[in-house]
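Reader: I am in my first year and still learning how to read a protein model, so please pick one part of this one and take me through it slowly and closely. After that, please set it among its surroundings.

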Amino acid sequence: MMYSLPVISPEAAKPVDPREQVPEDFGLTYDPARSEADVLTDGFGRRHTYLRISLIEHCNLRCRYCMPEEGLDWTSPEHLLTDEEIIRLARLFVAQGVTKIRLTGGEPLLRKGIERIVAELSRLPGLRALAMTTNGLLLPRKLDRLQAAGLTQLNISLDTLRPERFEILTRRKGFEQVLRAIDLAIARGYRPLKVNCVVLRGFNDDELLDFAAWTKDRPVEVRFIEFMPFDGNGWNDAQLVPAAEMRARIEARYPLEPIAFDPHGTARLFRIPGHQGRLGFIASMTEPFCEGCNRLRITADGSLKVCLFGRAEVSLRDAMRRGASDEELLALISAAVGRKHARHAGMYNLARMPNRPMITIGG
């Protein structure tokens, strides 16, 4: 069963400020007083308790949906956040109510001294979960130390179960290393271990059933992710497989039982009866879940992004290096959160709006 994507006229595609023109089907109303009353709450009443921190821009893979084929001019090391700056910002956010931090990249395991960062963050009073998203290549060497330091949750990226396709997509070898990392993480008790899979039509969408079968004997949560537009990744709607189509294709072979819906979650979760693992569908493009968004991002060079797809950024690094006090940093953060829009601009608008490459935002 196939689902066609909507055709959007140029006039309808013009970006609007959703604080002034909230979409008709948007379930929240705007009141700036909500943001003024709490640092991490925006004008729509969304309280942001989940912070994603990118530790590094570099990666040891070159995934086609993540970074331009020609590569990037990386930010020089002196312009990236130091360990102390990362810990200071994390402490500020947790003190205001953040309960979960996810470490991302690039490839976060390339960050020197990552074990110390994990240990410092895990000790922050009030932090309930410390997670990481990784491609897994370096994980077998580092996992025991990271777990001892306090890493509680893991996402591992794996977009194909076929070694030859892995090399085509990532432009590197390493398929067997990723499988070893997944097995080791399961053995160390990371359950359900989340496995992120970006689905591209004509490339790996014929593996949906393979991934579904893969969950039978593994306690993994395979999360199928729609192809999203970022600078330099060659996004086009012909390669986008809507989550509804993915689900329908799997349901033609397996019954899917829904799992309780998390209003702040990105994935709609299902289980196949008799399988240890489960499946998730992340429909960022075709079924935006912005009403429940509770996430903020800090890039490796210290910019706060209140939306993955938004162009607006506030440099917390520059403020810290100018000598900003904690109170001044909180004022910057509060103002940025208060400007957060109702929803992202829609995939066709996003495809022609400048943003960073995904790798420099943080996965």
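**A close look at helix α2**

Author: Of the 363 residues in the protein chain, 54% are buried, in a model that is predicted. The chain is built with 12 helices and 12 strands, and when contacts between residues at least 6 apart in sequence are considered, 73% of them join residues at least 24 apart. The part to look at closely is helix α2, which covers residues 83–96 and packs against helix α10, residues 326–338.

Before going further, it helps to know how such a pair is put into words. Two packed helices are described by the angle between their axes and by the distance between those axes.

For α2 and α10, the angle is about 70 degrees and the axes are 11 Å apart. Since angles from 65 to 115 degrees count as roughly perpendicular, α2 and α10 are therefore described as roughly perpendicular to each other. The crossing in which α2 passes α10 is right-handed. On the α2 side, the residues that take part are Arg 88, Leu 89, Leu 92, Phe 93 and Gln 96, and they meet Asp 326, Leu 329, Leu 330 and Ile 333 on the side of α10. When these residues are sorted by class, six are nonpolar, one is polar and two are charged.

Helix α2 has another partner in helix α3, which runs over residues 114–122. Here the axes come within 10 Å and cross at roughly 20 degrees. With angles under 35 degrees counting as roughly parallel, α2 and α3 are therefore roughly parallel to each other. This crossing, that of α2 and α3, is right-handed. From α2 the contact takes in Asp 83, Glu 84, Ile 86, Ile 87 and Ala 90, while from α3 it takes in Arg 116, Ile 117, Glu 120 and Leu 121. By class, this contact between α2 and α3 has five nonpolar residues, no polar ones and four charged ones.

From α10 one can step onward to helix α9, residues 316–321, where Ala 319 has its place. Leu 329, one of the α10 residues that meet α2, is also touched by Ala 319, which in addition touches Ala 324 and Leu 332 once residues up to four places away in sequence are left out. Along the chain Ala 319 and Leu 332 are 13 residues apart, and their C-alpha atoms are separated by 8.8 Å. Ala 319 counts as buried because its relative accessibility is 2%, and the limit for being buried is under 20%.

From α3 one can step back to the loop between β2 (100–104) and α3, where Gly 106 is placed. Gly 106 is joined to Gly 105 by a cis peptide bond, with omega at about 25 degrees. A cis peptide bond also joins Arg 191 and Pro 192, with omega at about -10 degrees, and Pro 192 is found in the loop between α6 (175–187) and β5 (193–199).

Another loop, the one between α5 (163–170) and α6, holds Arg 171, which has a positive phi of about 60 degrees although it is not a glycine. Arg 171 is partly exposed, with a relative accessible area of 23%.

Two asparagines round off the tour. Asn 155 lies in strand β4, residues 153–157, and with a relative accessible area of 3% Asn 155 is buried. Its side chain is joined to that of Arg 102 by a polar contact of 3.2 Å. Beyond its neighbours within four places in sequence, Asn 155 is in contact with a set of residues that includes Arg 102, Met 132, Lys 194 and Arg 223.

Asn 236, by contrast, is partly exposed, its relative accessible area being 28%, and it lies in the loop between β6 (220–226) and α8 (243–251). A polar atom of the side chain of Asn 236 lies 3.0 Å from the backbone nitrogen of Ala 238, and a polar atom of that side chain lies 3.1 Å from the backbone nitrogen of Gln 239. Asn 236 and Met 347 are 111 residues apart in sequence, while their C-alpha atoms are 9.5 Å apart in space.

How values were computed
Residues numbered from 1 in each chain as written. Predicted model: local features only at pLDDT ≥ 70, side-chain atom pairs only at ≥ 80, totals over all residues. Heavy atoms only, no water. Axes fitted to C-alpha atoms, helices over the stretch in contact; angles between N-to-C directions. Helix = DSSP H or I, 4+ residues; strand = E, 2+ residues; numbered from the N terminus. Parallel < 35°, antiparallel > 145°, perpendicular 65-115°, else oblique. Left-handed = near helix turned anticlockwise from the far one by under 90°. Contact = heavy atoms within 4.5 Å. Nonpolar A, V, L, I, M, F, W, Y, C, P; charged D, E, K, R; others polar. Buried < 20%, exposed > 50% of the residue type's maximum accessible area, 1.4 Å probe, protein only. Polar contact = N/O pair within 3.5 Å; in protein donor to acceptor, adjacent residues only side chain to side chain.
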